[in-house]
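Me: I would like a close look at a single part of this structure, with its surroundings and the confidence of the model taken into account. Please go through it in one connected answer.

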Amino acid sequence: MATSKEIENPESRFSAVLASAARLPGVRIHREEYLRKALTRYCSEDQIRRAIEETPAVAGIPLDVLDKAATDSINYEAAKASALSAAAGIPGFIALPATVPADTAQYFGHMLRIAQKLAYLYSWPDLFSDDSDDLDDATKGVLTLFFGVMFGTQSANAAVGKVAGMMSKQVAKKLPQKALTQGVIYPIVKKVAAYLGVQMTKQTFAKSVSKAIPVVGAVVSGGLTLATYLPMAKRLKKHLAGLELTKPGHRVVDEEVLDGEVVDEEVVDGHESFPTIPGQHDADDTADKLEKPHSS
């Protein structure tokens, strides 16, 4: 059980919610089934087979085709997340203690779903290849960075690019464990997790306010979810699509995992993706150190 000190810590708070969301039914995406379904409209059976056995990049699937499949998935997940959020807002203020935590978990669950789908389309390896309910540290690290990209943090963008570069230089179809759990990427993962913990608190507060009035709260909450989820998913899509790993015909040629590559350490530099309430203050002093808006 988490201690009160851990709950108050933004990094621990985010990690706990991420782990909980990953255990929700239907959150984990089966890579083979998803790629087959997502690419059936656009690709030949041979391309789909190669994409599953290796990667969509190795299969030579054009980026514009992958982008279409990605957009289909984003629209589907956004509509579903918005509908569930609206349904959670119908009871109004009386049900807030139950609906807000559940809604937050569902929202993060849909963020996890789209993160997996986009990763598989853009040639990342299976993130949940075992049957364990718990996230391994490398998977937790890369998902944290994906969420950081969604929230617009520059250090997460740079770190995801470094991880992709490491994978492009290896034969093994797995994440670079050492870099994500104890190497040069790990400190960035921790900083991004702390930043996301602060943002998560703001999101929960905003949703609590939006749900205070029955029915009207449902409309506002559903609209708020749609307005935030779509741009965040599109931000991750754009970033993953621009990496060398996803270029058509790309094939890994070197077995060495370059865990020793240096990643320039940055302070997390992001901007809020969730609307703020007038007069709302940072939920944690960590935000003052981590949250520095940048112009896009």
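Reply:

**Helix 7 and its surroundings**

The protein chain has a mean pLDDT of 73, and 62% of its residues reach 70 or more, pLDDT being the predictor's confidence in each residue on a scale from 0 to 100. This is a predicted model, in which local features need pLDDT of at least 70 and side-chain atom pairs count only at pLDDT 80 or more, while totals for chains, interfaces and linings use all residues. Residues are numbered from 1 along each chain as its sequence is written, and side-chain values use heavy atoms, with hydrogens and water left out.

Among the elements of the protein chain, helix 3 (residues 31-39) has the highest mean pLDDT, 97, and helix 12 (residues 286-290) the lowest, 38; helices here are DSSP runs (H or I, at least four residues), numbered from the N terminus. Over residues 86-101 the pLDDT is below 50, and this stretch has 29 contacts in the model beyond near neighbours in sequence, a contact meaning heavy atoms within 4.5 Å. Residues 252-296 also stay under 50 in pLDDT, and for them the model has 111 contacts beyond four places in sequence.

The part to look at closely is helix 7, residues 137-150. With 14 residues, helix 7 reaches 20 Å from its first C-alpha to its last, close to the 20 Å expected at 1.5 Å a residue, where the expected span is 1.5 Å times one less than the number of residues. At its start, a side-chain oxygen of Asp136 comes to within 3.1 Å of the backbone nitrogen of Ala138, and just after the helix Gly152 takes a positive phi of about 85 degrees.

Helix 7 is mostly covered, as 12 of its 14 residues are buried (under 20% relative accessible area, with a 1.4 Å probe and protein chains only). Among these buried residues are Gly141, Leu143, Thr144, Phe146 and Phe147. Thr144 counts as buried because its relative accessibility is 2%, and, leaving aside neighbours within four places in sequence, Thr144 is in contact with Phe14, Leu18, Val189, Val192, Ala193 and Leu196.

The aromatic residues of the helix deserve separate attention. Rings of Phe, Tyr and Trp (its six-membered ring) pair if their centres lie within 6.5 Å, with planes under 30 degrees apart counted as stacked, over 60 as edge-to-face and the rest as tilted; by this rule there are 4 aromatic pairs. The ring centres of Phe14 and Phe147 are 5.8 Å apart and their planes stand at 65 degrees, so this pair is edge-to-face. It links distant parts of the chain, since Phe14 lies in helix 2 (residues 10-22) and Phe147 in helix 7, 133 residues apart. Phe14 is buried at a relative accessible area of 1%, and Phe147 is buried at 0%. The rings of Trp124 and Phe146 have centres 5.1 Å apart and planes at 80 degrees, so they too are edge-to-face. Trp124 lies in the loop between helix 6 (96-121) and helix 7, so its pair with Phe146 in helix 7 ties together parts 22 residues apart in sequence.

Leu143, Leu145 and Phe146, together with Leu39, Leu121 and Trp124, touch the most other members of the largest nonpolar core, which has 74 residues; such a core is a set of buried Ala, Val, Leu, Ile, Met, Phe, Trp, Tyr and Cys residues joined through side-chain atoms within 4.5 Å. The largest share of this core, 10 residues, comes from helix 6.

Notes
Helix = DSSP H or I, 4+ residues; strand = E, 2+ residues; numbered from the N terminus. Buried < 20%, exposed > 50% of the residue type's maximum accessible area, 1.4 Å probe, protein only. Polar contact = N/O pair within 3.5 Å; in protein donor to acceptor, adjacent residues only side chain to side chain.
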